[in-house]
Amino acid sequence: MPSNQPQTIYLSDYKVPAYLVDTADLRFELFEDGARVHSTLAFRRNPDCQESQETGAPLQLHGDSLKLESLVLNGEAVATSNYSVSDELLTVNQVPQHFTLQVVTWIEPQNNTRLEGLYKSAAMFCTQCEAEGFRCITYFPDRPDVMARFSTRIEADKTAYPVLLSNGNPVEQGDLSDGRHFVTWEDPFPKPAYLFALVAGDLLEKQDSFTTMSGRKVDLRMYVEPRNSEKCEYALDSLKRAMAWDEQTYGREYDLDIFMIVAVDDFNMGAMENKGLNIFNSSCVLASQETATDMAFERIESIVAHEYFHNWSGNRVTCRDWFQLSLKEGFTVFRDTQFSGDMGSATVKRIESATVLRTAQFAEDAGPMAHSVRPASYMEITNFYTLTIYVKGAEVVRMIHTLLGPDLFRKGSDLYFERHDGQAVTTDDFVKAMEDASGRDLGQFRLWYEQAGTPQLAISDEYDESAGVYHLHIKQTLPDTPGQTDKQPQHIPFALGLLGSRGEALALALSAEELAKADAPQERVLELTEASHSFEFHGLSERPVPSLLRHFSAPVRVSYPWTREQLLFLMNHDSDGFNRWDAGQRLAIDVIQQMIGAPKDVTVDARLVGAFRHLISDADLDQALVAKMLVLPTVAYLAELTDGADVPAIHRARRRVLKHLAIALRDELVACYRRNIDSGPYQLGPEAVARRSLRNTALAWLLLINDEEGRSLGLGQYRDADNMTDRMGALKAFVNSGYDDDRAASLNDFYQTFQHDPQVVEQWFSVQAASRRTGQLSHIHALLEHPAFDWKNPNKIRAVIGAFAGQNLVNFHNPDGSGYQFLADQVCKLDDSNPQIAARLVSPLTRWRKFAPEYSQQMQAALMQIRDKENLSGDLYEVVYKSLAD
Ligand SMILES: [Zn+2]
C-alpha cells in the first residue's frame with residue numbers, strides 16, 4: 001500500500017466553516033517563468049460556528065504546490081511561530097475576530113500539466129478551479145460554502161497578452177512600465193473560489209448582444225485564437241437562444257453587464273461555468289460547417305446552454321459541499337436537455353439521454369465505483385464528476401418534474417431560487433422547495449439521492465377474459481452496491497399505455513368506477529412505492545399489448561417477457577416515439593443475442609429484416625426517429641446487458657446481423673441514400689440533419705458489404721462534401737470498409753486538408769482509434785507517435801487512447817490481453833502529468849468482473865500493475881483500489 005494513500009472524506013463529517021471571507025482582492029503578476037499572486041482577504045469568524053466563536057479556532061487555508069512568499073495579518077508580518085505550512089494547509093494559530101490577511105504566493109503555470117488552477121495552454125494563461133483548483137493559486141478556504149466578493153487585477157506583458165479577463169465587470173485598465181499593462185475586474189456577486197476565472201492571451205474578440213426580458217442590454221463576447229475567428233457564430237447564437245429560453249421557461253434573467261466565453265485547447269473538462277467568464281474546451285464550442293459534424297453542433301448548443309444555465313443553478317445558488325455536486329449538475333443537465341428537446345425533437349433527445357444512461361450510467365451503477373447521486377464519501381472529488389452525478393442526477397430532477405407536473409415544478413424552482421439566492425445549499429434544500437411549493441410529500445423520493453444502483457422492475461401480466469380485466473404486476477428490487485445492502489423500495493413514476501389489436505390506444509380505467517365514468521385517460525403515470533404492486537385495468541375486450549415505462553419515465557431496468565411479435569407491433573403502432581424506438585432496440589438485441597456463438601445455419605429472423613425494410617423505405621415516417629431506429633444497439637450496450645461477456649463474440653454476432661440486414665436491404669439502402677441527397681445549400685435544421693444521418697447510415701451499411709455502387713456513392717460524397725457530417729460520414733464508412741486503398745487515400749487526404757485545425761485532427765485520430773480495422777494496437781502506437789499527437793493535450797489523449805479503450809471494444813478486448821496492457825501502460829504514464837485524466841481513462845478496466853474469466857483475469861492483472869506503480873496519484877489510487885476491492 002503506498003504511503004500517499006488519500007483520506008476518505010465523509011458527508012457526515014461536514015462542519016460549517018470556522019471563518020468566512022467577505023472580500024478577496026487579488027493581484028496577479030504574470031510572467032513567462034511564473035506568476036506572483038497577491039491576495040488580500042477580509043476574514044471574520046463565522047457566527048454559525050460555535051467553536052470559532054468561543055475559542056477562536058486556528059485559521060486553516062488550503063494550498064497545493066504553492067511557494068509562500070509573505071504572510072501579513074492586519075498590516076504586520078505573521079511571526080513564524082504563529083503559523084505552519086504543510087503540503088495541503090496553511091495554519092495560522094492566533095487570529096482575531098475580524099482581520100485582513102495578505103498572502104503572496106509564487107506559482108509556475110507554465111509547468112502545470114495537471115491543468116488545475118492557473119496554467120498555460122499554448123500561449124495563453126487560463127484557469128480551472130472546480131473543484132479544488134483555486135488552492136493551486138493561493139491559500140484560501142477552498143470550499144464552496146465560503147463565498148466572497150472578488151476583485152481581480154491582472155498585470156502582464158501588453159504585446160503577448162493584450163486581453164486580460166476575469167469575472168464580473170471591468171472597472172479599470174491602464175499601462176504599466178516595461179511594456180506591461182493591467183485590467184481590474186470586479187464581481188459584485190459573492191461566489192465560492194471554484195467559480196473564479198482568469199484568462200490572459202492574444203485573443204480575438206467576437207461581439208454580440210442580448211436584451212434581457214427587463215430590457216437590459218448584455219454584452220456577449222467570445223474570445224478565441226485568431227485562426228478560429230470563423231467558428232464562433234454557432235456558439236453565440238446558441239447562447240442567445242439559451243438566454244431567451246431560460247427567461248421563458250424558468251423566469252431567470254442574466255445579472256451582469258457582460259457575459260464572456262473563452263475557447264481553450266488544453267482543458268480537462270468540457271467547459272466551466274465561472275461567473276460571467278465561461279471557459280470552454282475548444283472542441284465543445286468552436287464550429288463551422290466545414291469542420292464540425294451535426295453531432296458536434298448539437299453538443300455545442302447543449303453545452304453552451306448548460307454552462308449558461310449554471311448562472312442560476314450553480315452560481316447564484318451553489319453547493320454547500322461537494323457531496324451536493326448533483327444539486328447543480330443534475331438540475332442543470334435536466335435544464336439543458338429540456339432546452340435541447342425544445343430546440344429540436346424531444347423524442348430524439350430523450351432517446352439520446354436514455355442511450356447514455358443505459359449504456360454507461362447503468363454500467364457505473366453496477367460497477368465498483370457505484371455511488372449514489374449524493375455520495376456519502378469520497379477520496380478525490382474529481383473522481384465524482386460522473387454520469388451518476390450528472391445524468392442520473394438529471395433523471396431524478398426529471399422524475400420530480402413528472403410527479404409534480406410542469407406548473408408545480410416551475411413553482412418549486414421559483415421558490416428554490418428565491419429562497420436560496422446567494423446561498424450554498426444541499427440537494428435536500430432543493431427537494432424541500434419542491435415539496436413546499438407543491439404540497440407533495442417527497443420523503444420516500446429522497447431515497448433516489450441516497451441509494452446507489454439501478455432499480456429493476458420485473459413485470460408480468462395476465463388477462464381475465466371473462467371479466468375484461470387486465471392485471472399488471474410490478475416487482476421492484478434494488479441490487480446491492482459497494483457499502484450498501486438491503487435497500488428500500490424507491491418512489492418511481494411509471495408511465496404506461498395499453499394498445500388494442502389494431503394499434504389503437506385503450507382507456508386505462510383502474511377500477512370499475514372509473515370505467516363507469518368513461519373518462520379514463522389513455523396514458524397514466526403509476527406511482528410505484530412498494531416492493532410489489534398489482535394494477536387492474538377494466539373494460540378491456542381483448543388482451544392488450546402493454547407499452548411500458550413510456551418516455552423512459554424513470555432510470556430503471558425493465559424486464560417483461562415480450563414476444564418478438566409484440567415488439568414488432570409496438571415498433572409500428574406505439575404512439576410514444578421513445579417506446580417505438582425501444583421496441584426496435586429490444587427486438588434487435590434479442591436477435592443479436594440469439595446469434596452469439598450460433599452455428600452458421602442459424603439465420604437472422606426475417607421479421608427484423610422486414611421491420612428495417614419498412615423503416616428504410618417509408619418516407620412518411622418521422623425521419624429523425626427513423627435515423628435513430630436504424631442504429632443497432634452498440635457492442636458496449638450489448639456487453640452491459642450480459643454477465644460474463646465475451647466481447648469479441650458479441651461483436652461478431654452484431655456484425656453478422658448488420659451484414660445480413662445490409663445484404664437483404666441493399667436496394668432499399670441505395671434508394672434511401674439517393675432519396676436523401678441534399679440538392680440545396682447546407683442547412684442545420686432537424687430535417688436536414690435527419691437526411692444526412694440516414695444517408696450516412698445507408699452508406700456505412702453498403703460499404704460494410706463492399707458494395708460497388710456504395711463505393712462510388714461514398715467516393716463522390718467524400719469528394720463533393722461541403723460539410724463535415726458528410727465528409728466524416730464517408731471517411732468513417734471507408735475506414736470501416738474492406739476497401740483498403742480508398743481508406744488509406746481518404747485518411748491521407750483528410751489529414752492533408754485539415755492538419756492545421758486541432759479540432760478536426762482530433763476527429764481524424766478518433767475515427768481511426770475507434771475502428772475495428774484501423775484500431776489495431778500497432779496502428780494505435782503509430783498514432784501516439786504522430787507529430788500531431790500531444791501528450792499534454794487531453795483532447796488528443798481522449799481521441800486516441802480513450803476512443804480505443806472506450807469505443808473499439810473488439811480490439812481492446814483482444815483475447816491476448818494486449819489491449820489491457822496497453823491501457824495500463826498509458827494510464828501509468830499519464831498519472832505523473834495529469835492524474836485527473838489518468839483516473840478517467842482507466843475506467844474500462846474497472847469493470848473487469850463483468851467479463852468472461854479469460855478476459856477478467858487479464859483485466860484484473862492490468863489493474864494490479866497500475867496499483868503497484870510508484871507515486872500513484874490519489875485520483876488513480878481511489879479508482880484502482882475500489883475496483884480491486886472484494
Ligand atoms: Zn455543469
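Just after helix α2, Gly-251 takes a positive phi of about 70°. The model is a predicted one, in which local features need pLDDT of at least 70, side-chain atom pairs count only at pLDDT 80 or more, and totals for chains, interfaces and linings use all residues. Residues are numbered from 1 along each chain as its sequence is written, and side-chain values use heavy atoms, with hydrogens and water left out. Helices (H or I, at least four residues) and strands (E, at least two) are DSSP runs, numbered from the N terminus.

Helix α2 covers residues 233-250. At 1.5 Å a residue, its 18 residues should span 26 Å. The expected span is 1.5 Å times one less than the number of residues. The end C-alpha atoms of α2 are 25 Å apart, which agrees. Buried residues (under 20% relative accessible area; exposed, over 50%; partly exposed, in between; 1.4 Å probe, protein chains only) of α2 include Tyr-234, Leu-239, Trp-245 and Tyr-250. Two acidic residues, Asp-246 and Glu-247, are also buried in α2. The buried residues of this helix pack against strands β18 (204-211), β19 (217-224) and β20, and against helices α3 (294-309), α4 (325-343) and α7 (406-420). Contact here means heavy atoms within 4.5 Å.

Strand β20 (residues 258-264) runs parallel to β22, and 5 bridges join them. Two strands pair if DSSP finds at least two bridges between them. Met-260 has Leu-277 as its bridge partner in β22. Strand β21 (residues 271-272) is antiparallel to β22, with 2 bridges. Met-272 stands opposite Ile-279. β21 and β22 form a hairpin with 4 residues between them. Gly-276, in the turn, has a positive phi of about 70°. Strand β22 itself (residues 277-281) has 5 of its 5 residues buried, so it is largely enclosed by the rest of the structure. In a regular strand the side chains alternate between the two faces of the sheet. In β22, Leu-277, Ile-279 and Asn-281 point one way, and Asn-278 and Phe-280 the other way.

The zinc ion has protein donors from His-306 (NE2), His-310 (NE2) and Glu-329, the last entered twice through OE. These donors lie 2.0 to 2.7 Å from the ion. Donors are N, O and S atoms within 2.8 Å of the metal (3.2 Å for Na, K and Ca); water is not among the atoms, so sites may look incomplete. Along the chain the donors follow the spacing H-x3-H-x18-E. The angles among the 4 donor atoms run from 53 to 151°, and the site is irregular. Four donors count as tetrahedral if all angles lie between 85 and 135 degrees; four count as square planar and six as octahedral if opposite donors are over 155 degrees apart and all others between 65 and 115; anything else is irregular. His-306 counts as buried at 7% relative accessibility. His-310 is buried too, with a relative accessible area of 0%.

Further along the chain, 4 strands form an open, mixed sheet in the order β30-β27-β26-β32. β30 (532-537) and β32 (557-559) stand at the edges with a single partner strand each, so one side of each is left without a neighbour in the sheet. The twist averages 20° from one strand to the next. Axes are lines fitted to C-alpha atoms, for helices over the stretch in contact, and angles run from 0 to 180 degrees between N-to-C directions. Strands β26 (residues 456-464) and β27 (residues 469-477) pair in the antiparallel sense over 9 bridges. Glu-462 has His-471 as its bridge partner in β27.

An open sheet of 3 strands has antiparallel pairing and the order β29-β28-β31. Its edges are β29 (524-528) and β31 (545-547), each with a single partner strand, so one side of each is left without a neighbour in the sheet. Neighbouring strands are turned by 40° against each other on average, direction ignored. Strand β28 (residues 492-499) is joined to β31 by 3 bridges. Leu-499 stands opposite Val-545. Helix α11 (residues 564-573) packs on this sheet, touching β28 and β31. Its direction makes about 60° with that of β31.

Helix α26 (residues 818-831) is mostly covered, with 10 of its 14 residues buried. Among them are Tyr-820, Phe-822, Val-827 and Asp-831. Its end C-alpha atoms are 20 Å apart, which agrees with the expected 20 Å.
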